[in-house]
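Trainee: Could you walk me through this model? I would like short questions and short answers.

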Amino acid sequence: MSNSILIIDDERAIRKTLSEILSYEGFKVDEAADGEEGWKLFSEKNYDVVLCDIKMPKLDGLEFLIKATEKNPDIPVIMISGHGTIETAVDAVKKGAYDYVAKPPDLNRLLITIRNALDKNKLSKETRVLKRKVNRVQEMIGESEPIKRIKDTIEKVAPTDARVLITGENGVGKELVAKWIHEKSNRSTGPLVEVNCAAIPSELIESELFGHEKGSFTSAIKQRIGKFEQANGGTLFLDEIGDMSLNAQAKVLRALQEGKITRVGADKEIAVDVRVVAATNKDLLKETEQKNFRLDLYHRISVIVIHVPSLNERSEDIPLLVDRFLEDIAEDYGQAKKAIDKKAMEALTDYNWTGNIRELRNVVERLVILSGKTISLEDVSNYVAPV
Ligand SMILES: Nc1ncnc2c1ncn2[C@@H]1O[C@H](COP(=O)(O)OP(=O)(O)OP(=O)(O)O)[C@@H](O)[C@H]1O
Ligand SMILES: [Mg+2]
């Protein structure tokens, strides 16, 4: 994809020369004859870099720069400075311009400056995407009553040490709720340790949760610190707790009752300060009736129960979610955000989302990849399901 550049200069000759050279170098070039025209283009389109003269009628270069950095601080603006305006150019750099070049521009130097500006812009975008992926807990999108209630409960419950059981179908956002409980708790500077109880074979779960001493069983070739200890001072998220074996349930119950654990093969107990948050897509009370889940453990972990309803029960949140996913996916791919027309959005809102938010996100990603600039109803029927 070629980079796009906006040249704002009131001197026609300079605009023309720069435009020719930069087009030849493979840029998509737009020209504006004064700051006001430049600002109009800048607000309508997405440029990768802007070249901007300082002395211009109507809106001058410095005024343009201030408006532009306010609107989008990521787009580098390179000032073009005449004889009398070098000082202003230096001032512009202090105010956020990427750099300046003197008139008449030395073309090699100008090209290098533009390339550097593009590189820097690309890097800062990448950093932002990575930061979002690494650090930040995904925002919980939704304005529906159930989501408002859940957010409200999280606010109230998070700062306490109360154990929370999160229930709901696959992909509704249970893990996200757990992350926010940790994030908003007094333990947020401590670790959040996740254990997927369904993924660990029952004979290994004890060692996984509580650790073991070297030599305590055949494959225990070195000491291992378990998840409870790793979560000390933080939160332990027991995901899919409904799939934990009865044997492991008994051990977890003991750890919760006593606030102490024993590594497999060790004889001394270790005190741990851990808040447990658990999640399940099963009906745990029913599981207790069928003797698959211990009732005493159920009561220990369910001081507060947060039920996350299915997406179909809060379909009014779908447009908001779609919009956010379009934005996130565009940013991940480094592309402009795709539009979606009204009919297509209605079809997505009416669709039966058995896989809930996870399925919705995958579908939006698929639509972004396969559709044109605007996602249409036809795209939805082709790539999602017949409507
Ligand atoms: N309210 C929300 N706003 C934005 N994204 C959300 C929301 N709820 C869930 N998601 C996203 O949807 C995906 C699935 O959510 P999550 O993993 O929390 O679901 P889950 O209930 O734990 O699913 P499973 O039962 O399959 O483990 C994640 O990428 C998550 O970030
Ligand atoms: Mg989950």
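## Sheets, helices and a ligand

Trainee: Which residue stands opposite I8 in β3?
Mentor: Strands are DSSP runs of E with at least two residues, helices are runs of H or I with at least four, and both are numbered from the N terminus. Two strands pair if DSSP finds at least two bridges between them. Opposite I8 in β3 stands C52.

Trainee: What kind of model is this?
Mentor: Residues are numbered from 1 along each chain as its sequence is written, while chains are lettered from A and ligands numbered from 1 in the order in which they are written. Side-chain values use heavy atoms, without hydrogens and water; local features need pLDDT of at least 70, side-chain atom pairs count only at pLDDT 80 or more, totals for chains, interfaces and linings use all residues, and the model is predicted.

Trainee: How many bridges join β1 and β3?
Mentor: β1 covers residues 4-8, and β3 covers residues 49-53. They pair in the parallel sense. The number of bridges is four.

Trainee: Which strands stand at the edges of the sheet that holds β1 and β3?
Mentor: This open sheet has five strands in parallel pairing, in the order β2-β1-β3-β4-β5. An edge strand has a single partner, so one side of it is left without a neighbour in the sheet. The edges are β2 (28-32) and β5 (99-102).

Trainee: At what angle does α2 run to β2?
Mentor: Angles run from 0 to 180 degrees between N-to-C directions, and axes are lines fitted to C-alpha atoms, for helices over the stretch in contact. Contact means heavy atoms within 4.5 Å. Helix α2 (residues 35-44) lies across β1, β2 and β3. Its angle to β2 is about 140 degrees.

Trainee: And at what angle does α4 run to β5?
Mentor: Helix α4 spans residues 86-94. It lies across β4 (77-81) and β5. The angle to β5 is about 160 degrees.

Trainee: Which strands are at the edges of the sheet with the order β7-β10-β13-β6-β14?
Mentor: This is an open sheet of five strands with parallel pairing. Each edge strand pairs on one side only. They are β7 (192-196) and β14 (304-307).

Trainee: Which residue of β13 does V164 face?
Mentor: β6 (residues 164-167) and β13 (residues 275-280) run parallel, joined by four bridges. The residue opposite V164 is V277.

Trainee: How far is the polar side-chain atom of K174 from an oxygen atom of ligand 1?
Mentor: 17 residues surround ligand 1, each with a heavy atom within 4 Å, and K174 is among the closest. A polar contact is a pair of N or O atoms within 3.5 Å; within protein, one must be able to donate a hydrogen and the other to accept it, and residues adjacent in sequence count only if both atoms are side-chain atoms. R358 places a polar side-chain atom 2.7 Å from an oxygen atom of the ligand. For K174 the distance is 2.6 Å.

Trainee: How much of the accessible area of ligand 1 does the protein cover?
Mentor: Accessible areas come from the Shrake-Rupley method with a 1.4 Å probe; for residues, only the protein chains shown count as cover. On its own, ligand 1 has 630 Å². The protein covers 86%.

Trainee: Which backbone oxygen does the side chain of T349 reach?
Mentor: T349 lies in helix α14 (residues 342-350). Its side chain reaches that oxygen at 2.7 Å. The oxygen belongs to M345.

Trainee: Where is P104, which a cis peptide bond joins to K103?
Mentor: Omega of that bond is about -10 degrees. P104 is in the loop between β5 and α5 (107-134).
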